[in-house]
Amino acid sequence: MKVYLDNSATTFLDKNVLDKMMPYLTDVCGNANSLHSFGRDADSAVTKARIQVAEAINASKNEIFFTSGGTESDNWALNGVFEAHKDKGDHIIISKIEHAAILATAKKLEKEGARVTYLNVDKHGVVNLDELKKSVCDKTVLVSVMLANNEIGTIQPIKEVVKIVKSINKNTLVHTDAVQAVGSLPVDVKDLDVDLLSLSAHKIYGPKGVGALYLRTGVRLGKLITGGHQERSMRGGTTNVAGVVGLGVAIEEAVKNLSVNSLKIAKLRDYFAAKIKDGIKDVVFNGHPEKKLSSNLNVSFDGIEGESILQLLDINGIAVSTGSACSSGSLEPSHVLLATGLEIARAHGSIRFSFGKANTVEEADYAFLKLKETVDRLRDMSPIYKK
Ligand SMILES: *Cc1c(COP(=O)(O)O)cnc(C)c1O
């Protein structure tokens with residue numbers, strides 16, 4: 001049996017999405033900028049996708065810029081704001097638990113003269129709003145706090161973040177990385193009142209390598225790629241027509257089915273969590289107990305290594321992840337778990353199970369059975385686990 005419990009890393013491509021993309025990978029071969037009928041057909045598909053993305057987050061279509069994904073959107077938001085608002089200031093605020101796409105870009109900007117404040121989070125991973133209040137100043141050009149965390153699922157109070165920021169400096173822009181939030185909770189840019197927002201297709205059953213940046217009308221941003229008039233001359237390069245069509249369909253479906261899917265996914269996640277609680281001793285559940293993505297379950301198993309659990313589960317066909325370690329290829333414990341104050345040993349012993357709309361009870365039962373065997377076996381061999 002193969003069980004995929006790594007839906008926060010990526011999801012499968014929905015058959016319906018692929019079907020809608022297919023013509024643009026084959027027959028409708030036009031460049032969306034060409035003036036003939038082939039070009040016009042491609043261009044109207046791109047326009048439709050832009051409207052679908054805009055409607056999904058309550059934006060207007062001129063506020064949507066297609067990118068190659070969440071990482072690019074995050075990079076663009078930080079670099080583009082810093083570049084275009086140098087006259088106003090050099091200060092940026094982010095949280096300590098941002099995705100690497102934000103963290104590494106902030107580090108890069110520090111080398112280019114930016115001053116960056118890294119906000120702490122509480123034990124559930126919620127950003128410290130008092131620190132935010134104290135940090136915003138007249139030189140703050142951007143605050144970037146993610147809407148929901150990819151490792152522990154914690155949902156941030158972005159509306160409050162915006163209120164605090166704007167009450168201190170109305171010129172400070174607020175960006176949110178909504179890559180994990182889209183499709184899991186309602187994302188409305190007007191309600192959140194953010195200036196920029198990142199999203200990605202492959203976390204919501206769309207294709208890999210395509211995403212979007214929302215940029216509120218009137219907000220200045222540096223160009224990302226020069227060389228073509230695509231994306232209103234902000235990001236040149238021939239448009240990935242099939243990709244953006246896939247993003248449009250995927251986000252429309254995600255929003256339409258949001259409550260049904262997230263209820264179903266949360267139910268399965270809670271069922272699996274209850275099995276762990278009842279059947280495995282010495283575990284810690286990470287993240288916020290309630291303000292949390294429906295898909296996310298992050299658990300620390302005392303006395304053993306997350307990497308070993310991952311490998312043994314993999315042998316049994318079960319896919320999970322260990323914080324950021326797998327993606328970075330390093331054995332550093334997750335910066336997110338450490339920021340919540342979790343001890344280093346526990347951070348090393350943590351596993352993220354992320355559920356998706358296609359997972360079943362049978363899969364959860366099988367995964368738990370193998371998880372229990374794995375944890376028992378590793379603890380039997382562990383020199384540090386005290387029975
Ligand atoms: C996956 C992810 C990204 C990166 O998106 P890509 O489309 O894979 O580049 C950024 N932020 C968060 C929170 C993510 O989960």
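In the predicted model, the largest nonpolar core comprises 63 residues, of which Ile57, Ile64, Phe66, Leu132, Leu197 and Leu199 touch the most other members. The greatest contribution to this core comes from helix α9, spanning residues 241-256, which supplies nine residues. The core draws on both domain 1 (3-11 + 258-381) and domain 2 (15-256), with at least three residues taken from each.

The surroundings of isoleucine 57 illustrate the packing within this core. When neighbours within four places in sequence are set aside, isoleucine 57 is in contact with Ile64, Val187, Asp188, Val189, Leu197, Leu199 and Tyr214. Among these partners, Ile64, Leu197 and Leu199 are themselves listed with the residues that touch the most other core members. Another core lies apart from the largest one and consists of 27 residues, including Phe272, Phe301, Val320 and Ala364.

The ligand is surrounded by 13 residues, and those that come nearest are Thr71, Asp177, Gln180, Ser200 and Lys203. Helix α3, formed by residues 70-84, gives the most to this shell, with three residues.

Polar side chains approach the ligand through both its nitrogen and its oxygen atoms. A nitrogen atom of the ligand lies 2.6 Å from a polar side-chain atom of aspartate 177. For glutamine 180, a side-chain N or O atom is placed 2.7 Å from an oxygen atom of the ligand. The side chain of lysine 203 likewise positions an N or O atom 2.7 Å from a ligand oxygen atom. Taken alone, the ligand exposes 380 Å², and 88% of that area is buried by the protein.

Key. Residues are numbered from 1 along each chain as its sequence is written. This is a predicted model: local features need pLDDT of at least 70, side-chain atom pairs count only at pLDDT 80 or more; totals for chains, interfaces and linings use all residues. Side-chain values use heavy atoms; hydrogens and water are left out. A nonpolar core is a set of buried Ala, Val, Leu, Ile, Met, Phe, Trp, Tyr and Cys residues joined through side-chain atoms within 4.5 Å. Buried means under 20% relative accessible area, exposed over 50%, partly exposed in between (1.4 Å probe, protein chains only). Helices (H or I, at least four residues) and strands (E, at least two) are DSSP runs, numbered from the N terminus. Domain bounds come from an automatic or database domain assignment. Contact means heavy atoms within 4.5 Å. A residue is near a molecule or strand if one of its heavy atoms lies within 4 Å of it. A polar contact is a pair of N or O atoms within 3.5 Å; within protein, one must be able to donate a hydrogen and the other to accept it, and residues adjacent in sequence count only if both atoms are side-chain atoms. Accessible areas come from the Shrake-Rupley method with a 1.4 Å probe; for residues, only the protein chains shown count as cover.
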